[in-house]
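Here's a quick briefing to read alongside the model. Grab a viewer and follow along, topic by topic.

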Amino acid sequence: MKVFLFALGRTELERQIRQAIDDPAVSQYYSIPHCLLPVGGKPCITWLWNELVRNNLADSTYLVTDARSVGHLQRWADHAGVNRSNILIVGRAEDERQRDSCLEAMQLIAGTKLDSANGDDALFLDADLIFDYEVWKKASWSSIFANTPSPNSVAIAQTSEGELSTMLLQSSHVPMVMRLSGAATTKFTDLLLDPPVNSASSADMNQYILFVSRLSKVHPVTFLPAHIDGQIFWEWSKTDLYSYRSYWASYSPTEAPELAALKATIDQKHRSPVVKRAYARIGLVGNPSDGYFGKTISVQISDFWAEAMLIPNADPSDEAITLFNHSMSETFTYPSLSALEHIISKEGFYGASRLIKACLKVFVQHCKANNFSLVRRGFRIVYESCIPRQVGLAGSSAFITAIFKAIMTYNELTPTEIPKPIQANLILQAEKDELSIQAGLQDRVIQVYGGAVYMDFDRKLMDSRGYGEYTPIDIDLLPKDLFIAYIAHVKDSGKMHVPVRQRWENGDVEVIEAMHKFASFAESSKSALERRDYRLLASLMNQNFDLRRRLFTDVALGKPSISMIETARSFGFAAKFTGSGGCIVGLWAGERDGEDAQRCTWTQFGKMRTELQRQGSVVCLVHPK
């Protein structure tokens, strides 16, 4: 049997933790996914995981999560002995438990992990279900672990007598518990991979209700009660912070906190922190000429972000600055020596604190040089990022940009005092001058301006004033089928810019002409967008990558990244790198007019997505912001 544990979106408890972040006892839980919050001294998911181990299901268990939680779950998986390859990633990050993410997750599972022909046994569970042997036994839920379920059956939870639980549509109220076997699994897979489900309307509520009802009508259903003796044990999935601290955290023999003191902390009036986000970006066309006085078009997308929160100190006279240690961005405590070695080997020696310090240093120096007064009251900084790492989505610059925006707002500075082009320059200065990180302006410009921007880094402009000409583009002009695909578990990004940079500085004619050509692609793409000529845009994107491939060579670009490009193109899509490699951006390159063309587009997208997922990539449509 294959087991799939779902950890998607953010719960009410997680939101309340964010709101109570200025309580030191609560801040330790900031950004931690619901399933990893401690219950009885262990991460919630560990209790369920131990039961799966006891039932010899560990090797066939998969964690299904989104970009916001994957880093935390990877850390937990390393400690628990779970193979990272058993973590399945739904493309975008979610602030709430959205139904379209559940649907995408099911499609990912159906396309890559279930054998439709043999009718695999499959068990679907919310990762944050608290496993308690006696309670589960009393509720008859333990039967879902049985090795020999009823043939061709479906077992799910229900909310009341005779009412079929929409366990995916209402997963914040009723736990997801579904066991499939035999022909039920085959039908489940066929329904999910049916072309209508792989359409633009796949996130529509009615589409999914139809799917659930179709499945339940075909096969017999065994109902599992969600209520036990009048108590809803499964309310954990929507519990609040007070209930968590006073009950759930000490559900096992751990002593509960003093309730009166806890309530006083929860009920106090919280100061409003300054919260700013910077989003991932895709280099649509023209890159990498931005680092060579060229031209590019870049697009900011809302699907992934870095967030910074500045919390004023309680005492207005307290000028102290505190950087909260964030478990995903900087780690000082490890489960063991082996875990320390493993994590450092995967993620390197440097954390986020150096980025924050460099950003704050550059900001203060700029304010002093321009006689801007600074707020003396100190603050604490907490931060998080769900931008996939090392795949060319500008995660590092987003981190610094979020901090820079937050510190500007905290000190009541606006673009009048620090114009947007100067903001981008200062953010680059923090990385390039303070930390010796090789970078260009494109990422910082788009993350400061937002939306879509045509950038001209003309040498005369750059030499005379230090920044280029940045022209916003209406995001409504962008094609609606833009997607990205990125490598789920990066091993080698293949990024090698040094030889090309050196050749350019040495006056190599081939490199210089190539950079001019990249810039011309951006110029032509801007005109194509204004005319909504998406077939021309697709052609220019393909030409952009082909030229880059000739210039940098396959060895530098990396086989996994090139494979994603070739796969996308084999299904009729144009594709190029979003940045240096590890992530591609694409759109349909064929005919677009008419219902048949639209149906073909989305059918091909579904097929391409499944094939890329089988190769180990994460795929999602993007949402410009």
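**Helix α14 and its kink**

Helix α14 has a kink of about 35°, centred on Gln429. Keep in mind that this is a predicted model, with a mean pLDDT of 80 for the chain. The secondary structure adds up to 21 helices and 20 strands, and 56% of the 625 residues count as buried.

More on α14:

- Does the end-to-end span of α14 come out as expected, or what does it come to? Helix α14 covers residues 420-435, and at 1.5 Å a residue its 16 residues should span 22 Å; the end C-alpha atoms are 22 Å apart, so the two agree.
- The buried residues of α14 are Pro421, Gln423, Ala424, Leu426, Ile427, Leu428, Ala430, Glu431 and Leu435.
- Covering those buried residues are, among others, α12 (353-369), α13 (395-410), α15 (442-449) and β16 (469-473).
- Right after α14 comes Ser436, with a positive phi near 60°.

Strand β15 and its partners:

- Strand β15 (residues 452-456) has five of its five residues buried, so the rest of the structure largely encloses it.
- In a regular strand, side chains alternate between the two faces of the sheet.
- Both faces of β15 are covered, with Ala452, Tyr454 and Asp456 buried on one side and Val453 and Met455 buried on the other.
- Strand β12 (residues 295-312) runs antiparallel to β15, and five bridges join them; Thr296 has Met455 of β15 as its bridge partner.
- Strand β16 is also antiparallel to β15, again through five bridges, and Ala452 has Ile473 of β16 as its bridge partner.

Nonpolar cores:

- Nonpolar side chains tend to be buried together in soluble globular proteins.
- The largest nonpolar core has 156 residues, and the members touching the most others are Leu5, Ile282, Leu284, Phe304, Ile484 and Tyr486.
- Helix α19 (residues 534-557) gives the most to this core, chipping in eleven residues.
- Apart from this core lies another one of 21 residues, including Cys102, Ala105, Ile109 and Ala110.
- If you click on Ile282 and skip its neighbours within four places in sequence, you'll find contacts with Ile297, Ser298, Val299, Ile301, Leu393, Leu482, Ile484, Thr578, Val585 and Val622.

Around Tyr29:

- Tyr29 sits in the loop between α2 (24-27) and β2 (38-39).
- Is Tyr29 buried or exposed? Its relative accessibility is 12%, and because the cut-off for buried is under 20%, Tyr29 counts as buried.
- Setting aside residues up to four places away in sequence, Tyr29 touches Ile17, Leu37, Pro38, Tyr244 and Arg245.
- Tyr29 and Glu14 are 15 residues apart in sequence, with their C-alpha atoms 8.3 Å apart in space.

Confidence and the chain as a whole:

- In the chain, 78% of residues reach a pLDDT of 70 or more.
- Confidence is highest in β15, at a mean of 98, and lowest in strand β8 (residues 163-164), at 37.
- Over residues 195-221 the pLDDT stays under 50, and the model gives this stretch 54 contacts beyond four places in sequence.
- Residues 253-270 also have pLDDT below 50, with 19 contacts in the model beyond near neighbours in sequence.
- Where pLDDT is low, the predicted coordinates shouldn't be read in detail.
- Taking contacts between residues at least 6 apart in sequence, 75% join residues at least 24 apart.

Notes: Residues numbered from 1 in each chain as written. Heavy atoms only, no water. Helix = DSSP H or I, 4+ residues; strand = E, 2+ residues; numbered from the N terminus. Buried < 20%, exposed > 50% of the residue type's maximum accessible area, 1.4 Å probe, protein only. Contact = heavy atoms within 4.5 Å. Expected span 1.5 Å × (residues − 1). Bend = angle between axes of the 7 residues up to and from the residue. Core = buried A, V, L, I, M, F, W, Y, C linked by side-chain atoms within 4.5 Å. Pairing = 2+ DSSP bridges. pLDDT = per-residue confidence, 0-100.
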